[in-house]
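Colleague: Before I take this model to the bench, I would like to go through the terms used to describe it. Could you show me the structure and then explain how each label was reached?

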Amino acid sequence: MEQQPFTPFTQNPFLADVANQFAENPENRCACVLLLDVSHSMSGEPLRELQDGLTAYRDSLAADSLARKRVEVAIVTFGGTVEIIQPFTTPDMFVAPTLVSKGDTPMAEAVITALDLVQQRKNEYQTHGVGYYRPWIFLITDGGPTDANTRQWPEAISRIADGEAKKRFSFFAVGVEGADFDRLSQLSKREPLKLKGLAFRKLFEWLSSSQQAVSRSKPADEVLLSSPTGPQGWASV
Amino acid sequence: MWRAIGASARGTSHIVSDLPCQDAWAQRTAFVGGEFVTILAIADGAGSAKASDLGSQECVAHLVHAISTSDFRISEMDQDVASTWLESGRKHLEALAVEKELSPRDLACTALVAVLGESESIFFQVGDGAWIAEYQGHCEPITWPLSGEYANETTFLSSPNWKSQMQFRRWASSTMSIAGFTDGLQGLALHFASKAVHAPFFAPMFGALHRTDNVNTLQAPLLQFLNAPVLNERTDDDKTLVLACREKLKLRHGAD
């Protein structure tokens, strides 16, 4: 007798048709800390462009069905003081906070705050059995550290070096025109990138699409990030 | 004796990116060490590896053949013996790579093996996916998906650290049924926070398996299940599911 095909009207014995047939596990997470320089020199047009870029970043991630649940963004500003203006939040749950500029540039302290945030988040993931991708730390500045003569500066440098060597996170530094690239080179294992003009929107589009790719990557997928430099890119060499 | 059914189905993300199904599975039953032994092998090819569909197919075919033609008793099989079989799988893939002018990395895949005996079984694997045991509706994990620290990392048979990442379990198996699956299903079949099996996923499977007189009639529904929209809404990866249970004894009444 020929095997009867199972149609929607014939119950497949493997489909229980119960609400909890499939386990609900939390989504894998991709943690990203945005480290934003809001020192006095950023005020005016740079801050407006950065603000716009941030909004576009959030909107772009929120429009991606996987990234909106998986990418978690924390925002740390440094300008006079270091403030965590947003804890890790998925794009479907936040609107880009308003940036306010003031003060000098405590970059070392900001970096250490970001590193601590990432480690803490990983501990939480591990405690709750949540899978995660390699976290990102993304620094944007138009100047140099005004706390480079404190013990925090060498601490920041060595923790980044150690973390990168052990693949604990990926740290990127982006300098706007006028930034202290020598200092940024000390800090970042990867060559610091120079923003073309105030192309924050393009930078954040790149970041969003890179993180969308990570959010859907499977074991051993090489996530090829498009080059930020080049005519279509937001960075120049 | 054991009876097994299984199926591999292409994931929707593979359809979209025009990749073949990179999962594979195989089974063999042989009389070894004085008993009937059923060998099951499952493999999941690395997504970015250009010939990992060939790698996973060759891996499972080689493993069931190599194990079924060996001379052993399950009671004497330990992790060292299991690792020599995996090593032979590795070598087979390396030789294949040379023959096809590929690198071993192009054939990269995970490997999950079950050797099922009358009273004892052994399970071993490299990479993610898992084996689970079922006893009268109660399920527990035999192995657990091993990934690296990050969700998009796992160990493959071709990885340099495969041996240190290998899992090996010996299990008393006279009253149980088992299932094995690749990572495309693990998020639906397991609870990661509590490291437990999601029993409702398997209840209809083992229910159907235990009720039927002929497990082969469940082969087509199993494949259909793996391609069901309700499943593909929740996973876009390749899926493999293998189910095995003890054969029901058909008692013959006295002379007719």
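Modeller: Let me start with pairing, since much rests on that word: two strands pair if DSSP finds at least two bridges between them. Please also keep in mind that this is a predicted model.

Colleague: How do you know that strand E6 (residues 130-135) of chain B and strand E9 (residues 177-181) of chain B pair?

Modeller: The two strands are joined in the antiparallel sense over 5 bridges, and the requirement is at least two, so E6(B) and E9(B) count as paired. To place one position in this ladder, Ala130(B) stands opposite Phe181(B) in E9(B).

Colleague: What is the order of the strands in the open sheet that holds E9 and E6 of chain B?

Modeller: That open sheet has 5 strands in the order E1-E12-E9-E6-E7 (chain B), and the pairing is antiparallel.

Colleague: What makes strand E1 (2-9) and strand E7 (138-141) of chain B edge strands?

Modeller: Each of them pairs on one side only. From one strand to the next, the twist averages 20°.

Colleague: Which helix lies across E1, E6, E7, E9 and strand E12 (239-246) of chain B?

Modeller: That is helix H5 (residues 199-211) of chain B, which runs at about 50° to E12(B). Helix H6 (residues 219-226) of chain B packs on the sheet as well, touching E1 and E12 of chain B, and its direction makes about 35° with that of E1(B).

Colleague: Turning to the other sheet of chain B, why is strand E3 (residues 35-44) described as largely enclosed by the rest of the structure?

Modeller: A residue counts as buried when its relative accessible area is under 20%, and 9 of the 10 residues of E3(B) are buried, so the strand is largely enclosed by the rest of the structure. On one side, E3(B) pairs with strand E2 (residues 23-32) of chain B in the antiparallel sense over 10 bridges, with Ala41(B) as the bridge partner of Ala26(B). E3(B) also pairs in the antiparallel sense with strand E4 (residues 111-116) of chain B, over 5 bridges, and there Leu112(B) is the bridge partner of Ile42(B).

Colleague: Which residue in the hairpin of E2(B) and E3(B) takes a positive phi?

Modeller: Gly33(B) does, with a phi near 60°, in a hairpin that has 2 residues between the strands.

Colleague: Where do E2, E3 and E4 of chain B stand in the order of their sheet?

Modeller: The open sheet runs E2-E3-E4-E5-E8 (chain B), with antiparallel pairing among its 5 strands. Its edge strands are E2 and strand E8 (167-172) of chain B, each pairing on one side only, and the twist averages 10° from one strand to the next. Strand E5 (residues 120-126) of chain B is joined to E8(B) by 6 bridges, and Glu120(B) stands opposite Ala172(B).

Colleague: Why is helix H2 (residues 52-68) of chain B called oblique to helix H3 (residues 79-99) of chain B?

Modeller: Their axes come within 9 Å and cross at roughly 135°. An angle over 145 degrees would count as roughly antiparallel and one from 65 to 115 as roughly perpendicular, so H2(B) is oblique to H3(B). The residues of their contact divide into 9 nonpolar, 5 polar and 1 charged, among them Leu54(B) and His62(B) of H2(B) and Trp85(B) and His92(B) of H3(B). H2(B) passes H3(B) in a right-handed crossing.

Colleague: How do you know that helix H3 (residues 107-127) and helix H4 (residues 152-165) of chain A are oblique to each other?

Modeller: In chain A the axes of H3(A) and H4(A) come within 8 Å and cross at roughly 40°; only angles under 35 degrees count as roughly parallel, and 65 to 115 as roughly perpendicular, so these helices are oblique to each other. H3(A) passes H4(A) in a left-handed crossing. The contact includes Met107(A) and Leu115(A) of H3(A) together with Trp153(A) and Arg159(A) of H4(A), and by class it has 8 nonpolar, 1 polar and 4 charged residues.

Colleague: How many helices and strands does chain A have?

Modeller: The secondary structure of chain A comes to 6 helices and 7 strands, and of its 237 residues 51% count as buried.

Technical notes. Residues numbered from 1 in each chain as written. Chains lettered and ligands numbered in written order. Predicted model: local features only at pLDDT ≥ 70, side-chain atom pairs only at ≥ 80, totals over all residues. Heavy atoms only, no water. Buried < 20%, exposed > 50% of the residue type's maximum accessible area, 1.4 Å probe, protein only. Helix = DSSP H or I, 4+ residues; strand = E, 2+ residues; numbered from the N terminus. Axes fitted to C-alpha atoms, helices over the stretch in contact; angles between N-to-C directions. Left-handed = near helix turned anticlockwise from the far one by under 90°. Contact = heavy atoms within 4.5 Å. Nonpolar A, V, L, I, M, F, W, Y, C, P; charged D, E, K, R; others polar.
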